[in-house]
2 protein chains.
Amino acid sequence: MLKVAVLRWGHRYRDQRLTTHVALTARALGASGFILSDVEDEKIKQAIGKVTGQWGGAFSFQMGVPWKHAVKEWKKRGGIVVHLTAYGENIQTSAVMNRIRATGRDVLVVVGSQKVPNEFFSEEVSDFNVAVGNQPHSECSSLAVFLDRLFEGQELQKEFEEARVRIVPRVRGKKVIKSSSVQSRN
Amino acid sequence: MLKVAVLRWGHRYRDQRLTTHVALTARALGASGFILSDVEDEKIKQAIGKVTGQWGGAFSFQMGVPWKHAVKEWKKRGGIVVHLTAYGENIQTSAVMNRIRATGRDVLVVVGSQKVPNEFFSEEVSDFNVAVGNQPHSECSSLAVFLDRLFEGQELQKEFEEARVRIVPRVRGKKVIKSSSVQSRN
């Protein structure tokens, strides 16, 4: 099974919620780990740790790693790097997804911001530059659509092991199972 | 052609960037308008106006409208309301998408937060409660995946009319066309 990790570059402390959402998206949509590169932010680490503790599944979290180091290590272990950018090949109009899948290799998805270093586009860093549409929007949304397409939707039915909380999907209201007890609202 | 608008409930001023990303996602992934309900935030209005002015397309922006009023108006005009929530029917494992499409009606997508009023789940408000997976993640990501699936990817190849800036997708580097002149970097 393909292993996918997400590297987030360009985190700003005043945008903690946004980076938290990127990390939660990575986890919920099938990635196995998250790297907050170059900076450390305890609040984000705690937020993600809390979610993983409650909602289950194995999800690694690293922070403070220089992005170059993380990319180098990933490639050394045989993985490829996909840089999500509005400037890249359009995920809908090009065959880039097929080419990524055809490599059969683990994927490090790099998400940045408008101000990523030009190096991100170079062959030394990115194997693919992929655009979830060529309009400006959000690294969070780009990541979500990319993962949903990469895993062909299968990620949304994955069971998270050792969950202490689990939602039972329903037409109306909320149904949550906690450990062995069932609780329901609405 | 199906018309889709997005209503964002529960905006907090300290999370401006997140709400901006939700609005930009709505625009980039094919919605025709955005409603920031119940509150006003000039910064978000300006940010979205700037993007629409530069990158083109028709995209309406409203703010301060009470959510109940917006929902009522939408329904009066024959549209349906889809509430995105981790508690709803799983977009992958249920047939909810087909049922939404089968209505053939315009869609108001309501995105909130963990603390939405219970009323959102009621028949008076939501015609469908849809979960982009039943794990906690992000309203931004949920919206992106929902729109991508609703429009079956077609939204990502849409031309935005009267754009002053346009990206030419490419394998490496950045290529941008401004009005009638071509500029390239990398």
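## A tour of chains A and B

Visitor: Which residue in β8(B) stands opposite B:Arg166?
Guide: Strands are DSSP runs of E (at least two residues) and helices runs of H or I (at least four), numbered from the N terminus; two strands pair if DSSP finds at least two bridges between them. In chain B, β7 (residues 165-167) and β8 (residues 174-178) run antiparallel and are joined by 3 bridges. Across from B:Arg166, in β8(B), is B:Ile177.

Visitor: What kind of model is this?
Guide: Residues are numbered from 1 along each chain as its sequence is written, while chains are lettered from A and ligands numbered from 1 in the order in which they are written. Side-chain values use heavy atoms, without hydrogens and water; local features need pLDDT of at least 70, side-chain atom pairs count only at pLDDT 80 or more, totals for chains, interfaces and linings use all residues, and what you are looking at is a predicted model.

Visitor: Which residue takes a positive phi in the hairpin of β7(B) and β8(B)?
Guide: Follow the chain from one strand of this hairpin to the other, and you pass 6 residues between them. The positive phi, near 75°, belongs to B:Gly173.

Visitor: In what order do the 6 strands of the open sheet in chain B lie?
Guide: The pairing in this sheet is parallel. At its edges stand β3 (60-65) and β6 of chain B; each has a single partner strand, so one side of each is left without a neighbour in the sheet. From one strand to the next, the twist averages 30°. Reading across, the order is β3-β2-β1-β5-β4-β6.

Visitor: Which residue in β5(B) is the bridge partner of B:Val6?
Guide: Strand β1 (residues 4-8) of chain B runs parallel to β5(B), and 5 bridges join them. Look along β5(B) for the partner of B:Val6, and you reach B:Val109.

Visitor: At about what angle does α1(B) run to β2(B)?
Guide: Helix α1(B) lies across β1, β2 (33-37) and β5 of chain B. Angles are taken between N-to-C directions and run from 0 to 180 degrees, with axes fitted to C-alpha atoms, for helices over the stretch in contact. For α1(B) against β2(B), the angle is about 155°.

Visitor: How are α1(B) and α5(B) oriented to each other?
Guide: Helix α1 (residues 16-28) and helix α5 (residues 139-150) of chain B pack with their axes 9 Å apart, at an angle of about 5°. Where they meet, α1(B) brings B:Leu18, B:His21, B:Val22, B:Thr25 and B:Ala26, and α5(B) brings B:Glu139, B:Cys140, B:Leu143, B:Ala144 and B:Leu147. Angles under 35 degrees count as roughly parallel, over 145 as roughly antiparallel, 65 to 115 as roughly perpendicular and the rest as oblique. These two helices are therefore roughly parallel.

Visitor: Is B:Ser142 buried or exposed?
Guide: You can find B:Ser142 in helix α5 of chain B. Leaving aside neighbours within four places in sequence, B:Ser142 is in contact (heavy atoms within 4.5 Å) with B:Leu84, B:Val132 and B:His137. Buried means under 20% relative accessible area, exposed over 50% and partly exposed in between, with a 1.4 Å probe and protein chains only. At 13% relative accessibility, B:Ser142 counts as buried.

Visitor: What is the relative accessible area of B:Val125?
Guide: B:Val125 sits in the loop between β5 (107-111) and β6 (128-131) of chain B. Residues up to four places away in sequence aside, B:Val125 touches B:Trp67, B:Val71, B:Lys75, B:Val81, B:Glu119 and B:Phe120. The C-alpha of B:Val82, 43 residues away along the chain, is 8.8 Å from that of B:Val125. B:Val125 is buried, with a relative accessible area of 7%.

Visitor: Which residue in β6(A) stands opposite A:Val82?
Guide: Over in chain A, β4(A) and β6(A) pair in the parallel sense over 5 bridges. Both faces of β6(A) are covered, with A:Phe128 and A:Val130 buried on one side and A:Asn129 and A:Ala131 buried on the other. The residue opposite A:Val82 is A:Phe128.

Visitor: What kind of axis relates the two copies?
Guide: Copies are superposed by least squares on the C-alpha atoms of residues with pLDDT of at least 70 in both. A turn of 180° and a shift of 0.0 Å along the axis lay chain B on chain A with an RMSD of 0.0 Å. The two copies are thus related as by a two-fold rotation axis.
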